[in-house]
Amino acid sequence: MSSDATASAEVFDYVVVGGGTAGNVVAARLTEDPDVTVCVLEAGPSDVGDDNVLQLDRWMGLLESGYDWDYPVEPQSSGNSFMRHARAKVLGGCSSHNSCIAFWAPAEDLDAWAAGGCTGWTAEELFPLYRRLENNDAPGDHHGRSGPVKLRTLKGADDPCGNALLEACAQAGIPTTPFNTGKTVIRGANWFQINSDENNVRQSSSVAYLHPIMGKRPNLEVRTGVRAKRLVFEGKRCVGTEYLDPDQIHTRTVRARREVVVSCGSIDTPKLLMLSGIGPATHLREHGVDVLVDSPGVGENLQDHPEGVIMWEAKQPMPTRSSQWWEAGIFYDTEPGLDRPDLMFHYGQVPFDMNTARHGYPTTDNAFCLTPNVTRARSKGTVRLRTRDFRDKPMVDPRYFTDEHDARVMTYGLKLARRIAEQPALSGWAGAELAPGPDVRTDDELLDYIHNTHNTVYHPACTVKMGADDDVFAPLDARLRVKGVEGLRVADGSVMPDLVTVNPCITTMMIGEKCSDLLKGDAR
Ligand SMILES: Cc1cc2nc3c(=O)[nH]c(=O)nc-3n(C[C@H](O)[C@H](O)[C@H](O)COP(=O)(O)OP(=O)(O)OC[C@H]3O[C@@H](n4cnc5c(N)ncnc54)[C@H](O)[C@@H]3O)c2cc1C
């Protein structure tokens, strides 16, 4: 150990606040060095032995459950004001809650981060980190074979409807194309890769990184059921955090000798920074929070993948077993000249009426659906404090569909989904269209339906973005350090300058890998 403190004392070399997707990666990598002590503070319970969390096919049951922070959105002028943002409250964070669709980010996304001032974040520099984290069953030299996170390629053996869908896509000019080869798929469809093992145990950051070492590394302490209230500073140096003990009464402090890493996710990280005095000064003062750093970008730039749904009654029985019920997807370019797809669909083997049933759209148990999402949405929102009480949910305002681009891509998506369903290959499967239904035809009607019923792919990100040193709207520099203070970094989905085009969980783990490299490099 680097000093007299042992792993059970209240002083550690590093404190990781939030035992989620990225935070656990940071903790696991740092404690590879037995002389480095790390304490992870996670508000939710442990996932060890909890099949509700570990068995991937049960993931939809976690939505709005006790494992969910379940954030409402502020009333939306152009979007669905009933929509809720699921955010996991359990060790592993959203990687313990999600559907484990596993993608490497397109090289173009990462290169754009670097071009925007994030030195060290090109695809060439980051692809080796994806390789390091994965143990992938896909062929070729592109993939890692010995990382902690198992990725497997789905094959659709038990889903004739899904196979008919891929055939229908091909009939509609969308070829069956392998994913995750390192070449960006602009137009193509296929079965996904997922991060779950052969027994369908999810390969969350806790399963893959923490379970093998918990209780085995004396330099790692994982505390669950503890909620950070506020970061602790001495002058401008972050020296630890206050947290609410599981007894829900006492406030304790844990200190970091070297650095604190905040990994609470794209909604709770900006909240914790703002409660600690780092954020837009006027907003902090309005809530009676003393300003430590006027950082106007904290809680700004909220980006997401808004998602619509189109659902058909199935003419034949749909599968009764599945890895996670959303096993295939489609990428598409809605205008010429794009270097990345601007539209994606997930194919659901199940009805998805969470946002349509309340509006009276019919539903059934035997249905399938396509959910178009806007992969490079331009509507940007905010996360703000509701009050200065750490127990209050923050104000999440994604401002969905306030940019016309997003509305155009989404309506294009609904029409393209109908075109796919009309292909001969799906004639034996696509029955009545349940939502939005055949009467909803014009762009205005489709948009009205979307505004009332859209969901999210649950990818909120970018609210504490990294950027160039002189970018005042980037609260972090490219080494993930919070500008204006010392001893404090952020590692989670909030650091992305722009949301990746694809499902972001594996990229968020990669951010954890990168953060651990930066910390190790700077500690030398
Ligand atoms: C329902 C759902 C389905 C999804 N499906 C997919 C998918 O199939 N593929 C994909 O790539 N992505 C998917 N995503 C998105 C992906 O899982 C997330 O973008 C990613 O996991 C976020 O990681 P993070 O590290 O930013 O935050 P998180 O993983 O959410 O980690 C934050 C952690 O911090 C904890 N925390 C928060 N506040 C405090 C506090 N004050 N004190 C202590 N701890 C705190 C939280 O409890 C949580 O454990 C999905 C997300 C959801 C919610």
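**Helix crossings and a ligand shell in a predicted model**

Mentor: Let us start with a pair of helices in this predicted model: the axes of helix α1, residues 23–30, and of α11 come within 8 Å and cross at roughly 40 degrees.

Trainee: How would you class α1 against α11, and what is the handedness of the crossing?

Mentor: Angles under 35 degrees would count as roughly parallel and those from 65 to 115 as roughly perpendicular, so α1 is oblique to α11, and α1 passes α11 in a right-handed crossing.

Trainee: Which residues make the contact?

Mentor: On the α1 side they are Gly-23, Val-25, Val-26, Arg-29 and Leu-30, while α11 brings Met-509, Gly-512, Glu-513, Cys-515, Ser-516 and Leu-519. Sorted by class, this contact of α1 with α11 holds 6 nonpolar, 3 polar and 2 charged residues.

Trainee: What about α9 and α10, how do their axes cross?

Mentor: The axes of α9 (residues 404–421) and α10 (residues 443–453) come within 10 Å and cross at roughly 105 degrees, which makes α9 roughly perpendicular to α10. Ala-407, Met-410, Thr-411 and Leu-414 of α9 meet Asp-443, Leu-446, Leu-447 and Ile-450 of α10, and the residues of that contact divide into 6 nonpolar, 1 polar and 1 charged.

Trainee: Switching to the ligand, how many residues surround it, and which are the closest?

Mentor: The ligand is surrounded by 39 residues, of which the closest are Gly-18, Gly-20, Gly-93, Asn-98 and Cys-505. Two or more residues of the shell come from each of β2 (38–42), β10 (227–234), α7 (265–275) and α11 (505–523), and the largest share, 4 residues, is given by α7.

Trainee: How does the shell split by class?

Mentor: Around the ligand there are 16 nonpolar, 17 polar and 6 charged residues.

Trainee: Which residues does the UniProt domain annotation cover?

Mentor: The unreviewed UniProt entry carries the annotation "domain: Glucose-methanol-choline oxidoreductase N-terminal" for residues 265–279. In the model that span is 73% helix and 13% strand, with its end C-alpha atoms 16 Å apart.

Trainee: Last topic, the backbone: where is the cis peptide bond, and which residue that is not a glycine has a positive phi?

Mentor: Most residues other than glycine have a negative phi, and most peptide bonds are trans. Here, a cis peptide bond with omega of about 0 degrees joins Ala-435 and Pro-436, and Pro-436 is in the loop between β22 (430–435) and α10. Asn-200, although not a glycine, has a positive phi of about 60 degrees, and Asn-200 sits in the loop between β8 (193–194) and α6 (205–210).

Definitions and conventions. Residues numbered from 1 in each chain as written. Predicted model: local features only at pLDDT ≥ 70, side-chain atom pairs only at ≥ 80, totals over all residues. Near = placed C-beta within 6 Å. Nonpolar A, V, L, I, M, F, W, Y, C, P; charged D, E, K, R; others polar. Axes fitted to C-alpha atoms, helices over the stretch in contact; angles between N-to-C directions. Parallel < 35°, antiparallel > 145°, perpendicular 65-115°, else oblique. Left-handed = near helix turned anticlockwise from the far one by under 90°. Contact = placed C-beta atoms within 7 Å. UniProt positions renumbered as here; feature names shortened; annotations may be inferred.
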